[in-house]
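Trainee: I am new to this structure and should like to go through it by question and answer. May we begin with the chain as a whole and then turn to single elements and residues?

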Amino acid sequence: MRALCLSLRSSRPRFTNLDVDRGDSGFRVQPGAELRSADLRRSDCGSAAAANGRSSPEDVVVVHGRRTAIGKAKRGGFKDTTPDELLSAVMSAVLKDVGLSPERLGDICVGNVLQPGAGALMARVAHFLSGFPESVPVYTVNRQCSSGLQALFNVAGAIRSRAIDLGLACGVESMSLRGIGNPGDLSSRLTDNNKARDCIIPMGITSENVAERFGVSREKQDAFALRSQQNAARAQRAGLFNREIVPVTTKFVDDEGKERQVTVSRDEGVRPGTTLEGLAKLRPAFKPDGSTTAGNSSQVSDGAAAVLIGRRSAVEALGLPVLGVLRASAVVGVSPDVMGIGPAYAIPAALQQAGLSVADIDVFEINEAFASQAVYCVEKLGIPPEKVNPNGGAIALGHPLGCTGARQVVTLLNELKRRGRRAYGVVSMCIGTGMGAAAVFEYPGA
């Protein structure tokens, strides 16, 4: 199993509920046959113990996690806050909550998308702002929208290989201070290769491609968006996010240029007054005759999250709690022009590793990059809607790119803990340029 976690390989898993017809137009999914290795390249790090619930001293376990509130980019409470400050807030809080000295950490991995060099300098600065010693290393990773989850996968791999015992997996993004735009230095030959060219299709157009190709109507997209807003509003009113969120006091510059201190402790994107009628009035955002709107897409946001994970034997020796167990993980590739379908492939790959089925999972945290792709994935996998994002998703809460994967883990495990019994959950998201990621977690029970 340890060798499995350290390798990147092609494989031939069989999924009885998925078939792929691959052509220049992308993937088409039909019921009833195998997913061929030519269509799926996968990296895995999981545990066959999931299906029977066995625990092992070698398990990778989640100890604790915290996140900031998610701010509206450009106009919210974090619009003037640098990402190192956001990151420092959650890194410090996680260790303080459990009484762990930072000297105990073997490594820190931070997911980030928009900062130069994936934020390598920013992460080390945050490290020192948190009072962590120079002897503890830190690095960053950019797998676009899954960067926060990929940080967890990377730390888990180091634990499984026995390189470290404990590590901190983080994600952070300031979409106020850094925008999406410049793709970097690319070869002119890109235009000669269809798949390479598809990698620079705007994300909103990939959403329209999914909606058109797989018949996801505007009505379905708006209904999904409404449910996200309603679930998030209900959770916010009930105080369900309070345990997750680290209040951050920071500077805020108003429209007149005056600076003041504000404390941000609530997600800013939740719109309790959202209605289907209001959503239906919104114009398409990416093409005149499209169905993707500002109301059924994820919000541009600022935020950070951190998750402490370790080998079970080390965690128990230090008297630390076990909030969850990482049972499986997978990253898969799909066609770039319909990148949003990634979870429809990553989730079955992770479930197969864990020896579980869709029916075994209590909660699915699926990132709502766009309602089109979320609806497609949920329907294709036959996931009961009530199991999906019970406290809202990125349409309501926001999607700070590098943060989201880590934030989802924090939200998922807190939700499973509230339910008070042994349960399983999945975190998944699509990834720009055509990928999907998924992880299976077990909450061991009270």
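Trainee: How many helices and strands are in the protein chain?

Mentor: The model before us is predicted. In the protein chain, the count is 13 helices and 16 strands.

Trainee: What share of the residues counts as buried, and what share of the accessible surface belongs to carbon and sulfur atoms?

Mentor: The protein chain has 446 residues, and 60% of them count as buried. Its accessible surface comes to about 17400 Å². The part of that surface belonging to carbon and sulfur atoms is 50%.

Trainee: Among contacts with a separation of 6 or more, what share joins residues 24 or more positions apart?

Mentor: Here one takes the contacts in the protein chain with a separation of 6 or more. Residues 24 or more positions apart account for a share of 79%.

Trainee: Is strand S7 mostly covered or mostly open, and how many of its residues are buried?

Mentor: Strand S7 comprises residues 107–111 and is mostly covered. On one side lie Asp107, Cys109 and Gly111, and on the other Ile108 and Val110, all of them buried. The number of buried residues in S7 is therefore five of five, each being under 20% relative accessible area.

Trainee: Which strands are joined to S7 by bridges?

Mentor: Five bridges join S7 to a parallel strand at residues 166–174, with cysteine 109 opposite alanine 169. Four bridges join S7 to another parallel strand at residues 138–141, with isoleucine 108 opposite valine 138. The partners are S9 and S8.

Trainee: What is the hand of the β-α-β crossover from S7 to S8?

Mentor: After S7, the chain passes through helix H3, residues 120–129, and then enters S8. The hand of this crossover is right-handed.

Trainee: Why does the span of H2 agree with its number of residues?

Mentor: H2 has 16 residues, and at 1.5 Å a residue the expected span is 22 Å. The C-alpha atoms at its ends lie 24 Å apart, so the two values agree. The span in the model is thus 24 Å.

Trainee: Against which elements do the buried residues of H2 pack?

Mentor: The buried residues of H2 include Leu86, Leu87, Val90, Met91 and Val94. Just after the helix, glycine 99 takes a positive phi of about 70°. The elements against which the buried residues pack are S5, S7, H3, S9, S10 and S12.

Trainee: Is threonine 81 buried or exposed, and which residue's side chain is joined to its own by a polar contact?

Mentor: Threonine 81 is placed in the loop between strand S6 and helix H2. Its relative accessibility is 2%, so it counts as buried. Among the residues it touches are Leu86, Ser174 and Lys251. The polar contact between side chains, at 2.6 Å, is with threonine 250.

Trainee: Which backbone oxygens does the side chain of arginine 66 reach?

Mentor: Arginine 66 lies in strand S5, and it counts as buried because its relative accessibility is 10%. Its C-alpha atom is 6.0 Å from that of valine 90, a residue 24 positions away along the chain. The contacts of arginine 66 include Val90, Asp97, Glu244 and Val410. Its side chain reaches the backbone oxygens of arginine 243 at 3.3 Å and isoleucine 245 at 2.8 Å.

Trainee: Which backbone nitrogen does the side chain of threonine 293 reach?

Mentor: Threonine 293 lies in the loop between helix H8 and S12. With a relative accessible area of 0%, it is buried. It touches several residues, including Arg218, Leu282 and Pro284. The backbone nitrogen reached by its side chain, at 3.1 Å, is that of glycine 295.

Trainee: What is the phi of glutamine 144, and where is this residue found?

Mentor: Most residues other than glycine have a negative phi. Glutamine 144 is found in the loop between S8 and helix H4, and at 28% relative accessibility it counts as partly exposed. Its phi is positive, near 50°.

Trainee: What is the phi of threonine 433?

Mentor: Threonine 433 lies in the loop between strands S15 and S16. At 27% relative accessibility, threonine 433 counts as partly exposed. Although it is not a glycine, its phi is positive, at about 75°.

How values were computed
Residues numbered from 1 in each chain as written. Predicted model: local features only at pLDDT ≥ 70, side-chain atom pairs only at ≥ 80, totals over all residues. Heavy atoms only, no water. Helix = DSSP H or I, 4+ residues; strand = E, 2+ residues; numbered from the N terminus. Buried < 20%, exposed > 50% of the residue type's maximum accessible area, 1.4 Å probe, protein only. Contact = heavy atoms within 4.5 Å. Areas by Shrake-Rupley, 256 points an atom, 1.4 Å probe, with all protein chains shown as cover. Pairing = 2+ DSSP bridges. Right-handed = clockwise from strand over helix to strand, strands pointing away. Polar contact = N/O pair within 3.5 Å; in protein donor to acceptor, adjacent residues only side chain to side chain. Expected span 1.5 Å × (residues − 1).
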